[in-house]
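Open the model in your viewer and keep the selection box at hand. Each stop below says what to select and what is there.

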Amino acid sequence: MRVLVVEDEPLLADAIAEWLREETHAVDLAHDGAAALERIAVNDYDVVVLDRDLPRVHGDEVCREMVAAACAARVLMLTAAAQLDDRVSGLSMGADDYLTKPFAFQELAARVLALGRRSRPAVPPVLRRAGITLDPARREVFRNGRFVPLSKKEFAVLTELMRADGCVVSAEQLLEKAWDENADPFTGAVRLTILKLRRKLGDPPVVETVPGVGYRIP
């Protein structure tokens, strides 16, 4: 999934981003509300992890603007304010979930994964297609009962292909969901990852190339 972390404390922001990247998500960072709105306007995020007390534009206003723009991304609001009224007001303005500081990174990652499922059409928690079984929560892949060890990027790309349920996924869509904003679209990273993924999944080949369009698992 593509996640934006908005947190004005750089060390905490980096720690959250690193943890979520370990969970195979593509993560961008913003350290104030204005930068967050700029990134949200140009990128298709699944989840925005949003600190409430932000400089330049307050987190509450970021949330309100996302709601007003009918943004599809789900919002996980982070704050040190733990009172009931604070939680209610955060959810009332449009946040989808609310997590108080301090928090456990494992819980944050689990909430991000749950919100990401809600940002898209419903899919089973375990994905199965063409002899492949993919468990996003456990980060495990099997093909015909054989465990397939994948890198983070390979797992992320395979997840997008499995979620597509037989439809074609373009290279641009894979870049959007599996790489962060620093990815160079001209590096051939998607093609190289697909080649490695095919090799690891083994024969018969299961990932098809649709010339000029993208990739699919029929």
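**Start at a pocket.** This is a predicted model. Go to the second largest pocket, which has a volume of about 240 Å³. Its lining comprises 16 residues. Select Glu-23, Thr-24, His-25, Leu-113 and Pro-136, which lie nearest the pocket centre. Now colour helix H5 (105-118) and helix H6 (152-163): these are the elements that give two or more residues to the lining. H6 supplies the largest share, five residues. By residue class, the lining of this pocket splits into nine nonpolar, four polar and three charged.

**Stay on Thr-24.** Thr-24 sits in the loop between helix H1 (10-22) and S2. Check its backbone: phi is near 75 degrees, a positive value in a residue other than glycine. Is Thr-24 buried or exposed? Thr-24 is buried, at a relative accessible area of 11%.

**Zoom out.** Show the whole chain as a cartoon. There are eight helices and eleven strands. The chain has 218 residues, and 46% of them count as buried. Its exposed surface is about 10,700 Å², with carbon and sulfur atoms supplying 54%. Take the contacts between residues at least 6 apart in sequence: 60% of them join residues at least 24 apart.

**Select strand S1, residues 2-6.** Five of its five residues are buried. Turn on the side chains. In a regular strand the side chains alternate between the two faces of the sheet. Here Arg-2, Leu-4 and Val-6 point one way from S1, while Val-3 and Val-5 point the other way.

Add strand S2, residues 26-30. S1 and S2 pair in the parallel sense, over five bridges. Which residue of S2 is the bridge partner of Val-3? Pick Val-27.

**Move to helix H7, residues 171-178.** Its buried residues are Leu-174, Leu-175, Lys-177 and Ala-178. Show what they pack against: S1, S2, H6, helix H8 (189-201) and strand S11 (214-216).

Centre on Leu-175, which lies in H7. Its relative accessibility is 16%, so Leu-175 counts as buried. Draw a distance from its C-alpha to that of Arg-2. The two residues are 9.7 Å apart in space, yet 173 residues apart in sequence.

**Next, a buried acid.** Select Asp-60 in helix H3 (residues 59-68). Asp-60 has a relative accessibility of 13%; the cut-off for buried is under 20%, so Asp-60 counts as buried. What is Asp-60 in contact with, leaving aside its neighbours within four places in sequence? Select Arg-52, Met-77 and Met-93.

**Now the open sheet.** Select S6, S7, S8 and S9. These four strands form an open sheet in the order S6-S7-S8-S9, and the pairing is antiparallel. Strand S6 (127-129) and strand S9 (146-147) stand at the edges with a single partner strand each, so one side of each has no neighbour in the sheet.

Look at the S6 edge. Three bridges join S6 to strand S7 (residues 132-135), and these strands run antiparallel. Find Arg-128: it stands opposite Thr-133 in S7.

Follow the chain to Asn-144, in the loop between strand S8 (140-143) and S9. Asn-144 has a positive phi of about 50 degrees although it is not a glycine. Buried or exposed: which applies to Asn-144? Asn-144 is exposed, with a relative accessible area of 64%. Thr-24, visited earlier, also has a positive phi, but Thr-24 is buried.

**Finish with the cis peptides.** Select Lys-101 and Pro-102. The peptide bond from Lys-101 to Pro-102 is cis, with omega near -5 degrees. Pro-102 is in the loop between strand S5 (97-100) and H5. H5 is one of the elements that line the second largest pocket.

Then select Asp-203 and Pro-204. A cis peptide bond joins them too, with omega at about -5 degrees. Pro-204 lies in the loop between H8 and strand S10 (208-210). H8 is among the elements that the buried residues of H7 pack against.

Note on methods
Residues numbered from 1 in each chain as written. Predicted model: local features only at pLDDT ≥ 70, side-chain atom pairs only at ≥ 80, totals over all residues. Heavy atoms only, no water. Buried < 20%, exposed > 50% of the residue type's maximum accessible area, 1.4 Å probe, protein only. Contact = heavy atoms within 4.5 Å. Areas by Shrake-Rupley, 256 points an atom, 1.4 Å probe, with all protein chains shown as cover. 1 Å grid on protein atoms, 1.4 Å probe; cavity = no way out; pocket = protein on both sides within 12 Å on 5 of 7 lines; lining within 4 Å. Points joined across faces, edges and corners; volume = space filled by probe spheres on them. Nonpolar A, V, L, I, M, F, W, Y, C, P; charged D, E, K, R; others polar. Pairing = 2+ DSSP bridges.
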